[in-house]
Amino acid sequence: MARVSFVIISHSHELAKGVVDLATQMAPDVHFEIAAGDDTGALGTSMHKVENALDRALAQVHKPGDEECCWGVLLMCDLGSATMVAQTVLELRGNPKDCMCINAPLVEGTIAAAVAARGGLGLRQVAAAAYQSVIDMAGRARSELGQITSVSLDANSNVLSSLDASKKFREADMVVTDPAGLHARPAALLVRALASLDVQVWINDVDASSVLEIMSLGVRHGEHVHVRAQGPDCDKALELARDMLEGGTH
């Protein structure tokens, strides 16, 4: 029995099961639990499922002695809204030291972390292995993209470098009122609505034409976001964004 168990949190049970199947091939002695889909079995997430899976995973952890933070459960998520659910569950439990939810690639991160867990490493070291997969992937992506395009990947660049001073520009702060935060559905609806306008939009400096970019922000209920819009329809874009972000449940 390893000192670290895993909870795989996904919008799709099939996706989560596939990740567990792959990771189990690499680390057969590591325990995995799945919390996938909403409470009806449809695509989505469920706090109830995450809580139950977390309890089961904790019960399977090997606890050698009283070494603090050397054993526990690592929660791996597929998208930003799943991360928000996981973090909410941990917050309601007082952010226990024996549980960690991290932002790392679900497949590569889980496999790297599982191999580390099988090797007997502690919770923080296992989490570090998952984070290392992010660094490795970023390095490969930079190298490969550099071979096929002249696009600059300056890590210090941001939305301001994309703004064209000759185009109409507006910006505003807004509050996300959806109880679940800026999760998959409202992000998709917003992207779809903005696509009909002649405008470029950024939310907290990420491209608002990408659902994944928006979800990666992990914006929760009641949090503020900064929206920038540039182009002929920038006023309409801000009005639309405010209606959707501050309009309640989606």
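Visitor: Hi! When do two strands count as paired?
Guide: Two strands pair if DSSP finds at least two bridges between them. Strands (E, at least two residues) and helices (H or I, at least four) are DSSP runs, numbered from the N terminus.

Visitor: Cool. Which strands form the open sheet, and in what order?
Guide: The open sheet has 4 strands in the order E2-E1-E3-E4, and the pairing is parallel. This is a predicted model, where local features need pLDDT of at least 70, side-chain atom pairs count only at pLDDT 80 or more, and totals for chains, interfaces and linings use all residues. Residues are numbered from 1 along each chain as its sequence is written, and side-chain values use heavy atoms, leaving out hydrogens and water.

Visitor: Why do E2 and E4 each have one side without a neighbour in the sheet?
Guide: Because strand E2 (32-36) and strand E4 (99-102) stand at the edges, each with a single partner strand. From one strand to the next, the twist averages 20°.

Visitor: And how many bridges link E1 and E2?
Guide: Strand E1 (residues 4-10) pairs with E2 over 5 bridges, in the parallel sense. For valine 7, the bridge partner in E2 is glutamate 33.

Visitor: Which strands does helix H2 touch?
Guide: Helix H2 (residues 47-59) packs on the sheet and touches E1, E2, strand E3 (72-77) and E4. Contact means heavy atoms within 4.5 Å.

Visitor: New topic: how much of the protein is buried?
Guide: Of its 250 residues, 42% count as buried, meaning under 20% relative accessible area with a 1.4 Å probe, protein chains only.

Notes: Buried < 20%, exposed > 50% of the residue type's maximum accessible area, 1.4 Å probe, protein only. Axes fitted to C-alpha atoms, helices over the stretch in contact; angles between N-to-C directions.
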